[in-house]
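Open the model in your viewer and keep the sequence panel beside it. The stops below say what to select and what is found there.

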2 protein chains.
Amino acid sequence: MSDSGKQIHDNLHTIFHPESIAVVGTNRTVGTVPHDIFMNILKDNYQGIVYPVSPGANSIAAVKSFKYILDIPDPVDMAVIVFPSSVAHMAMQQCGEKGVKSVIIISAGFREVGGAGIEREKKILEIADKYGISFIGPNCLGVINTDPAVHLNASFARKMPERGNIGFLSQSGALCTAVLDYALAKHIGFSKFVSFGNKADVSEIDLLNYLKDDPETKVILLYLEEISDGRALLNTASNIIADTGKPILILKSGRTTEGAAAAASHTGSLAGSDEICDAAFAQAGILRCQNIEEMFNIAIAMAYQPLPKGNRVAIITNAGGPGVLATDAAIQQHLQLAEFSESTTARFKKHLPKTANIKNPVDVIGDARADRYDAALSAALEDGAVDGALVILTPQSMTDIDSIANKVCEITARHEKPVYTSFMGETDVSSGIDILQRHNIPHYILPESMCTSFSRAFAFQQSLQQKKEAVSPCSDCERESALKIIESAHKDFLTEDIANQILRAYGLPVLDGKLAKSGDQAVSIADKIGYPVVLKIVSADIAHKFDVGGVQLNLKNAEEVKTAYQAIINSVEKKRPEADIAGIYVQKMAAGGTEVILGLKRDQAFGPVLMFGLGGIYVEIYKDVEFGIIPLSRDDMDNMIKGTKSYPLLSGARGRERSDIDSIIDCMRRLSQLALDFPSIAELDINPLLVHSKNNGAAVADVKIVLNKDR
Amino acid sequence: MSDSGKQIHDNLHTIFHPESIAVVGTNRTVGTVPHDIFMNILKDNYQGIVYPVSPGANSIAAVKSFKYILDIPDPVDMAVIVFPSSVAHMAMQQCGEKGVKSVIIISAGFREVGGAGIEREKKILEIADKYGISFIGPNCLGVINTDPAVHLNASFARKMPERGNIGFLSQSGALCTAVLDYALAKHIGFSKFVSFGNKADVSEIDLLNYLKDDPETKVILLYLEEISDGRALLNTASNIIADTGKPILILKSGRTTEGAAAAASHTGSLAGSDEICDAAFAQAGILRCQNIEEMFNIAIAMAYQPLPKGNRVAIITNAGGPGVLATDAAIQQHLQLAEFSESTTARFKKHLPKTANIKNPVDVIGDARADRYDAALSAALEDGAVDGALVILTPQSMTDIDSIANKVCEITARHEKPVYTSFMGETDVSSGIDILQRHNIPHYILPESMCTSFSRAFAFQQSLQQKKEAVSPCSDCERESALKIIESAHKDFLTEDIANQILRAYGLPVLDGKLAKSGDQAVSIADKIGYPVVLKIVSADIAHKFDVGGVQLNLKNAEEVKTAYQAIINSVEKKRPEADIAGIYVQKMAAGGTEVILGLKRDQAFGPVLMFGLGGIYVEIYKDVEFGIIPLSRDDMDNMIKGTKSYPLLSGARGRERSDIDSIIDCMRRLSQLALDFPSIAELDINPLLVHSKNNGAAVADVKIVLNKDR
């Protein structure tokens, strides 16, 4: 850990474990944030000392108050600033003078309102910097630590959550209030609960790093509207996952352009492309969630129960219909229905009525009471062919709901396999659900969510096993040659002859070719590289060569080349008279092959991104492309290729020849290196790369490179 | 309505509105179904007279009991049979003798258990038939009618639901118990609630037809595991929707093979292919739902509020984060964020604080109370550019949740536009949610479900506007010629020359071609039809011609034809020595075109089905195909073509030539006719149909027809 990293870590530790707190700017008016936050600390059984600091009051709720923090005679570990934004900097200054290193700024009215707010945020940052203060916020709900040794509710949330092993971090304070209310009703407990607001100083990265080492936290949840440093987020997340096995679940809003715009108008954030975000999270092992409910559905599975070691589930139900619905959902979520051993089947036969279905899904029948659930669940969990159990209950007239719930808790505690439940309904089943939730048995309103959560937990378990092998560095890439070519570029758009030179320097399989300035020159080049050839117009002003009649394919002899040369010149001069023509590129005609596309782009949040997909017109229609954040491991590249639907076209399915996938991987490796070496390359498209059959390589049939404007 | 239809209708009417009921087979044992069902009728305030019929008791719950139904001195309108299945037929016989035409059989132990159960079911059906009885069940939970003039709970559900305008029909009784519990907690009311079990007599079709005319029912919900008569279901549903505008929502389980197997083991049902079911429902205007929660989410939107006239929504929120989440969801659900008029914006400015976001999503800010929600919602609903409003609330410290809920109810009642809500959280917001639910304002835990429901309601409103134009009958299809060809077929698999003759009889654009028995004959055929030609092996034993070297393309002269003929014969004789070779088909080589696939198959539930998709290898990779149930309207066919992702390849997107879509439609029309005329055609595949540019037609390049084994 760097010095500054350690500093932040220590300061954060104090925010979560202060021995004394000053609430700076509190008042006596019940129902206002400055008052309520003081009261929350006071009444929620904080184990340290809290001091009100209020210029206008002698006491708050019978506690002696101070005019300034500097007036407090004893040391203060942490300050919560609730003054209006216009005077927050003064409070901050005094915190600095008092030696307080750990601060939460609740007040709004900073960067999120623009204008003077931005200046105010800058000012507090300067003061923090000067005194080595770390602060959370501004514009946040505050911080909660449920550890009974601290028991701190330094937030204006209505209620303190239960203790648990989920760490929750949120960019939105308002969402926190909904989450706390939701969690309280479901007995979902938290280790740490943080609303980090504008993250002017302490960022989600710092908080993630803190939770990494927090022994109270087993699962980390993060709500984000804005990714400021995507690469840091990915690195931090994958380190946490690799080192500790703690799952990280992120709900990232602003998926659509409109959503991102709405986010921008409310916290001044900028969203990256959503598909890239998906790819980046997957690559880092982050579980991306679609909404709050899904996030908690998965979180409770991972926080409460062991991760499934396999995907073979036993479904136990007292009703056929829901059993069918659950089976559908399980299969759609790539789970398998476990096939029970003979001895398990014998146990079912012994304990269940004749009308029961003893195959998976096991139907213990509508009049089942706790004894049948006991028999079925115990037998299933003791079967080696079962990786986990999904228990469904509908409230029928004979159903002893609470006894069944208690029995499920008891059996689950005895086994090392995950058990999830779905007691369907609402009022009648509520006491049963309450029992399950208090005993940390994941419960889901819908069998479908139960299956989805099992599947996500299993996928995470699998990803933990995957060791990602780094790709070897590209020792034969000629960085110097490429640098010279790029430095001498006059325009942002590189013509094909130039682009091909760059690719050649990086060892990509570029076809023989050369720029011709006349028909005769074209013929002599073609003679040298061999027929058939292709002719393509070369002009930095023309990005779409086909549209202007700038391409002639499959020219078989000198005569054809000469005619084609003139035809291209004529067509382009007619259609784009203003274009500056550098000449015509004469290139060896590529042998056939499967067309794929490889590309580079730069994402605002995540930096250089590699794209792979099926080429040709289908890239437009099916958008069957995958993204990867550079640098990529060999497995990442493999996953990108296998992730496309068109993978069977390459892998040799249905009697087709297997394509040379290794040569695609090699191209990906070289392009990645190029992207890392030259931040000045804004975009690159190889479309198509023609991939030949196994061991026969590939060929770049067309390439476009665009450089950054401000390179 | 047919006589038997009217009979069932009348009998069903009596089931829902009996003036007197006999519960046949009840007893004094509290907690058993036979007892509880009698008690439910008695205690749930039934407005008629209920008679217990119990061989072993003089009274049940202080009500005089009869040994047999025939002992009851007064007339009995309806009987509920709760005797064990072994004696149910005797009760049925006595019902017949008593003149009871309307019966519910609750008892299980019939078809669903197989063996003797099947016989028992047959026996009660015979008795019903003899006496003109209609009965619901067996193996069901019973029937509920909330109409206060009747107020009948003839079920063993734990509680009677509230009154409302949703009709609910379910094949699974157990699911009903979960649904009732769920609905009660959310104040979701029902008009009729029916568990129809084995549907031995009264089917979902009869019940749908009954609810069609039921003035209490506005929205119909159906849970199905087994579709016995798919075409009747589609016809009934589309008639109901067209005649009454009542939406029909179906949850059909058994989507996966495993799910269908689970269903089969529990009610002995057989599932059709799920994609076809999707297509069939969509074609009939049925809203298919994925799970119970989604079903009720959509149902309450449609039952409580007017259908949206457009998709422009105003989102009103007191929290930025959820506003962003809702915006994302709205856009993903194809809704638009309404652009407010100047006067609306002015109203927002006047009534909302400066920090509020007055663009859509409107953020009234965390400290908003009811007055701000009032101002924002009223202004939005009065804006002509707004088709509906989505109101979000998070429970922040200043939020007066109940007042806001009441205000939303009040404003919604004054306007004709739909208003949906999402009060996020659980405990704190629960009283507010309760207010909304009691006032029939749709409420959703997640903003995402709120947007999905709005989108589905809007799509339904749009589908109501669509007038489906029937296609003209195929007057030039030569049924007689095709009949002769089919009748003379020796094998199930028709060879290409025969298949082409059938297509030609039905006016499909078949390429010129003829069967040759020798190389010389092939040449003379080729000379006649003109070069280039294609040669294909003709053998009823060979389905995959390419795999055996049985095809030679693009033969340009007599010499090539002769060589190719021999090459094919040699190859096939080597690879498939046992195959019976009829000769070689000489066919005009098709000019290029976009490859599409057209097919026919027969679905067990829905009958003849037409398939359309992109041809070539992509049909395997992307499965980009659409299904339609024959007969199809012109709009249905259009929707099939437009429903494929590859549609832009045909429609002339991105500078491509527009394909002759009319000729595809014409082929679809002719194939549909063929499927209707010849049930003996089990499968047909035209792959590819080469579609030329607009007005230039299409050509069948290859066809396979398979006949039914038992034709």
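Start with chain A of this predicted model: 55% of its 711 residues count as buried. Colour chain A by secondary structure, and 24 helices and 30 strands should appear. Its C-alpha atoms fill a box of roughly 100 × 80 × 40 Å along the principal axes. Among contacts in chain A between residues at least 6 apart in sequence, 71% join residues at least 24 apart.

**Stop 1: both chains**

Show chain B as well. A rotation of 180°, with 0.1 Å of shift along its axis, superposes chain A on chain B with an RMSD of 0.1 Å. The two copies are therefore related as by a two-fold rotation axis. To find where that axis runs, select Tyr622(A): of the residues of chain A, Tyr622(A) comes closest to the axis, with its C-alpha at 4.1 Å.

**Stop 2: the interface**

Now select the residues of each chain that touch the other chain. On chain A there are 73, in contact with 73 residues of chain B. Elements of chain A that give two or more residues to this side include helix H2 (33-43), helix H5 (173-185), helix H8 (257-267) and helix H10 (292-304). Helix H21 (618-622) and helix H23 (647-651) are also among them. Which element gives the most to the side of chain A that touches chain B? Select H11(A), which gives 10 residues. Coloured by class, the side of chain A that touches chain B has 31 nonpolar, 26 polar and 16 charged residues. Of the interface residues of chain A, 100% are also interface residues in chain B, so the copies meet through the same surface.

**Stop 3: the nonpolar cores**

The largest nonpolar core has 436 residues. Select Ile81(A), Ile316(A), Ile81(B) and Ile316(B), the residues with the most contacts inside that core. Then centre on Ile316(B). Setting aside neighbours within four places in sequence, Ile316(B) is in contact with Val362(B), Val364(B), Tyr373(B), Ala376(B), Leu377(B), Ala380(B), Ala389(B), Val391(B) and Ile392(B). A second, separate core has 21 residues, including Ile525(A), Ile537(A), Ile584(A) and Val586(A).

**Stop 4: helix H4 of chain B**

Select residues 116-131 of chain B, which form helix H4. At 1.5 Å a residue, these 16 residues should span 22 Å, and the end C-alpha atoms are 23 Å apart, which agrees. Which residues of H4(B) are buried? They are Gly117(B), Arg120(B), Glu121(B), Ile124(B), Ile127(B) and Ala128(B). Look down the axis of H4(B): the buried residues fall within an arc of 125°, so they line one face of the helix. On the other side of H4(B), Glu119(B), Glu126(B), Asp129(B) and Lys130(B) are exposed. Add helix H3 (85-98), strand E6 (102-105) and strand E7 (134-136) of chain B, which are among what covers the buried residues of H4(B). Just after H4(B), Gly132(B) takes a positive phi of about 70°.

**Stop 5: Phe627 of chain A**

Return to chain A and select Phe627(A), in strand E27 (residues 625-629). Is Phe627(A) buried or exposed? Phe627(A) has 24 C-beta neighbours inside 10 Å and so counts as buried; the cut-off is 20 or more. Leaving out neighbours within four places in sequence, show the residues in contact with Phe627(A): Glu275(A), Ile276(A), Ala279(A), Val609(A) and Met611(A). For a last distance, pick Val419(A), 208 residues from Phe627(A) along the chain. The C-alpha atoms of Phe627(A) and Val419(A) are separated by 35 Å.

Technical notes. Residues are numbered from 1 along each chain as its sequence is written. Chains are lettered from A and ligands numbered from 1 in the order in which they are written. This is a predicted model: local features need pLDDT of at least 70, side-chain atom pairs count only at pLDDT 80 or more; totals for chains, interfaces and linings use all residues. Two residues are in contact if their C-beta atoms, placed from the backbone, lie within 7 Å. Helices (H or I, at least four residues) and strands (E, at least two) are DSSP runs, numbered from the N terminus. Ala, Val, Leu, Ile, Met, Phe, Trp, Tyr, Cys and Pro count as nonpolar, Asp, Glu, Lys and Arg as charged, and the others, Gly among them, as polar. Copies are superposed by least squares on the C-alpha atoms of residues with pLDDT of at least 70 in both. A nonpolar core is a set of buried Ala, Val, Leu, Ile, Met, Phe, Trp, Tyr and Cys residues joined through C-beta atoms within 7 Å. A residue is buried if 20 or more other C-beta atoms lie within 10 Å of its own, exposed if 12 or fewer, and partly exposed in between; C-beta atoms are placed from the backbone. The expected span of a helix is 1.5 Å times one less than its number of residues. The arc is that of the directions from the helix axis to the C-beta atoms.
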